[in-house]
Amino acid sequence: RPGGRYLYVVNEGVTPTSGNNSGTQQCGTNGSGIAEFSIGGDGVLTFQQCFASQGSTPVWAQMDSTGSYLYVLDQVAPTADCSVGAPAAGCFGDITVFSVADDTGRLTLVPNKQIKNSDGTQLTYFPVGNMPIMMKVAGSGCLFTVDSGDQTVFPYAIGTAGQLTLPTNTTIQTGAGKLTSINAGSTYVYLTDAAATSDSPGGYILPYTVGTGCALYTLTGGK
């Protein structure tokens, strides 16, 4: 977190095949834990407590520029269907949003004010695309998620009180063969496409500029 007092670790969890021989785990045995550590003198980390993301298999975390909100990317949303034979679009991910306490660094869930469940209550997460792997803040308040399931980018605009709102431009098609990462700054976004082609056995870097409404525009002469 900006200021250097707290550190947050996303725990993806363990699988029956990989196992865990490291002893007792503080967080993450079920693949949904975020561990908070305080940072002391000489950089010593002291475990504080665990917080649960709303989906499962969290894979990435991103802090906003002020350190007031933490965004956690889950590969599988609470209502997603990733079973064998299910439609590919059904295995979607989510972003869990937390507000961060200034004094303790503790996390408090921020509900989705834009979408309600079938029972009329607010969603506790913000849906993204198929099998997300990474996300980055870019431009003037945009949060971009890379979805490896269909090689797309899913944009959100960062609003007040940590809310994520859908811009007019929703899912962004990239034409990539195997997206593996995203990096971003105030003006540019770079995607890595690891798919080998006849022209490039090592893949490509795909550069974009960030436009109005969190749109991405291919950089002239890029790739």
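**Exercises: pairing in two antiparallel sheets**

In this predicted model, alanine 184 has valine 189 in β17 as its bridge partner.

**Exercise 1.** Place that bridge in its strand pair, then in its sheet.

*Solution.*
- Step 1. Find the strands. β16 covers residues 179-184, and β17 covers residues 188-193.
- Step 2. Check the pairing. β16 and β17 run antiparallel and share five bridges.
- Step 3. Widen the view. The open sheet has four strands in the order β16-β17-β18-β19, paired antiparallel.
- Step 4. Mark the edges. β16 and β19 (216-218) are the edge strands, each pairing on one side only.
- Step 5. Add the turn. Neighbouring strands of this sheet are turned by 30° against each other on average, direction ignored.

**Exercise 2.** Which residues in β3 are the bridge partners of serine 38 and glutamate 36?

*Solution.*
- Step 1. Locate the strands. β2 spans residues 33-39 and β3 spans residues 45-52.
- Step 2. Read off the partners. Serine 38 bridges to threonine 46. Glutamate 36 bridges to glutamine 49.
- Step 3. Set them in the pair. β2 and β3 are antiparallel over seven bridges.
- Step 4. Look at the hairpin link. Five residues lie between the strands, and aspartate 42 takes a positive phi near 60°.

**Exercise 3.** Which strands are the edges of the sheet that holds β1, β2 and β3?

*Solution.*
- Step 1. Write the order. The open sheet of three strands reads β1-β2-β3, with antiparallel pairing.
- Step 2. Name the edges. β1 (6-11) and β3 each pair on one side only.
- Step 3. Give the twist. From one strand to the next, the twist averages 25°.

Note on methods:
Residues are numbered from 1 along each chain as its sequence is written. This is a predicted model: local features need pLDDT of at least 70, side-chain atom pairs count only at pLDDT 80 or more; totals for chains, interfaces and linings use all residues. Side-chain values use heavy atoms; hydrogens and water are left out. Two strands pair if DSSP finds at least two bridges between them. Axes are lines fitted to C-alpha atoms, for helices over the stretch in contact, and angles run from 0 to 180 degrees between N-to-C directions.
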